[in-house]
Amino acid sequence: MTFQNFSTQQLQKMDAGHHLHPFTDHKDLREEGSRVITGAKGAFVYDSDGNEILDAMAGLWCVNIGYGWDELADVAADQMRELPYYNSFFRCTTPTPILLAEKIASLAPDNMNQVFFGSSGSEANDTALRIVRHYWAIEGKPEKNIIISREWAYHGSTIAATSLGGMSAMHSQLNGAVPNIQHVMSPCYFESGEDGESEHAFGLRAAKSVEDAILAAGPENVAAFIGEPIQGAGGVRIPPASYWPEIQRICDKYDILLMLDEVICGYGRTGEWFAAQSMDIKADTITTAKGLTSGYQPLSALIVGDRIANTLVEKGGEFYHGYTYSGHPVACAVGLRNLEIIEREGMIERVRDDTGPYLLDSLQKAIGDHPLVGEVRGFGFLIAIEIVKDRQTKERFEPATSGAAAVRDHAIANNIMMRAVMDTMIMSPPLSWTRDHIDMAVERVIAALNGAYKQLLAVDGQE
Ligand SMILES: Cc1ncc(COP(=O)(O)O)c(C=O)c1O
């Protein structure tokens, strides 16, 4: 590869000169330079300085099967030779999206049998919003178009996906959000549970905020509720077990469609193919991306339930929506083989029955009592570690986010890639991790916490 002719400094200089990164303070980036990742194998990524880093984030919550699967490269190359591109507009199609749609439908809950392809989770959520509003319009209820979402939701970064999401910092840069989207409370017990309130009661209270919003708007004006089964980028916010059944009851009662965003949860991360199955949720749309190709190709799939799909077919009329790369033959070929690998290697069962419980248990035992840790929670291969200054009061470090940022920096220095979301540390490892990888991760997390503790105490003047 030609990049090997360049030093890290040369690459960083060119990067700073010409490459605008996503979700980045460009002033900071100029001053500090970027980390250049040049290779990956199995559970590890390698940077241009030769560091071998255990990737506890699976890239960006997506490399579910881990790195270095040659057969995916072979499948992509074969497909490029056979048919690199053709569109699926104008009543055309190609074989791989047909086979992949059929495969996804076979894995999805029983009532979900149609798939609309895009290239990213954001695009798929744009499709979801469009299709849900289109559904009500052709059902003769165009006024039923309000979508209820939640604070701290992340649904992507296009204008529609940002509007659906509940990230206030993103909203503040959004002059001209998509109208008729409302946000209610996030179901995070650690953050919002009240003194003496059980988790169960909190889950019902959080669900009631959805019912209150529906009643305030008038059920005849509300199209759908959208939610990630577990809010990922918001800080791995796992709702109490009482939450989703109550949301389901409320949606059914007022005839509100239920849109699940499983861009992170889908394809095995929760120990089933979809969190809808782990949590027994009956949805009308499920947004998926990331783990569909394990990030080896950009691809998303909006899975559409029979209720909406049947109406589209029965009522007819063109749905004016689609992307040049909807059903891209190469991406779909890679997606198909990726799902085969997940299945063949028994990765989902392993996460559900062995490595998922082992990861959470090992972390809770190793760091549950650490002075910086307010809570360790997890579900499948999603983990959150709350970083606090005071375990009793849950007080955070000042300035906000500085606690988790310190832990994150020490984690990377200890060769484990983790992410900090506000004051929460996140892990979302490849499903291919073994118990050995987990043991290695736990050791490195301990080292990161200890390093950050020393640093934070010194800043606080307590050392
Ligand atoms: C739940 C969820 N939805 C949507 C998206 C957006 O996906 P993309 O970045 O592929 O547009 C993400 C990305 O992290 C996500 O976590």
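These legends go with a few close-ups of a predicted model. Residue numbers start from 1 along each chain as its sequence is written. Local features need pLDDT of at least 70 and side-chain atom pairs pLDDT 80 or more, while totals for chains, interfaces and linings use all residues.

**View 1. The ligand and its shell of 14 residues.** A residue makes the shell if its C-beta atom, placed from the backbone, lies within 6 Å of the ligand. Ser120, Gly121, Ser122, Gly156 and Val263 sit closest. Helix 6 (residues 121–138) chips in the most, with 3 residues; helices here are DSSP runs of H or I, at least four residues, and strands are E runs of at least two.

**View 2. Where domain 1 meets domain 2.** Domain 1 covers 35–65 + 346–459 and domain 2 covers 71–344, with bounds from an automatic or database domain assignment. Their centres, taken over C-alpha atoms, are 27 Å apart. The contact (C-beta atoms, placed from the backbone, within 7 Å) uses 27 residues of domain 1 and 23 of domain 2. On the domain 1 side, helix 15 gives the most, with 5 residues.

**View 3. The largest nonpolar core, 133 residues.** Such a core is a set of buried Ala, Val, Leu, Ile, Met, Phe, Trp, Tyr and Cys residues joined through C-beta atoms within 7 Å, where buried means 20 or more other C-beta atoms within 10 Å of a residue's own. Helix 14 (residues 329–344) supplies the largest share, 8 residues.

**View 4. Around Val407.** Val407 is among the core residues with the most contacts inside it. Skipping neighbours within four places in sequence, Val407 touches Ile387, Ala420, Met425, Ala448, Leu449 and Ala452.

Technical notes: Contact = placed C-beta atoms within 7 Å. Buried ≥ 20, exposed ≤ 12 C-beta atoms within 10 Å, placed from the backbone.
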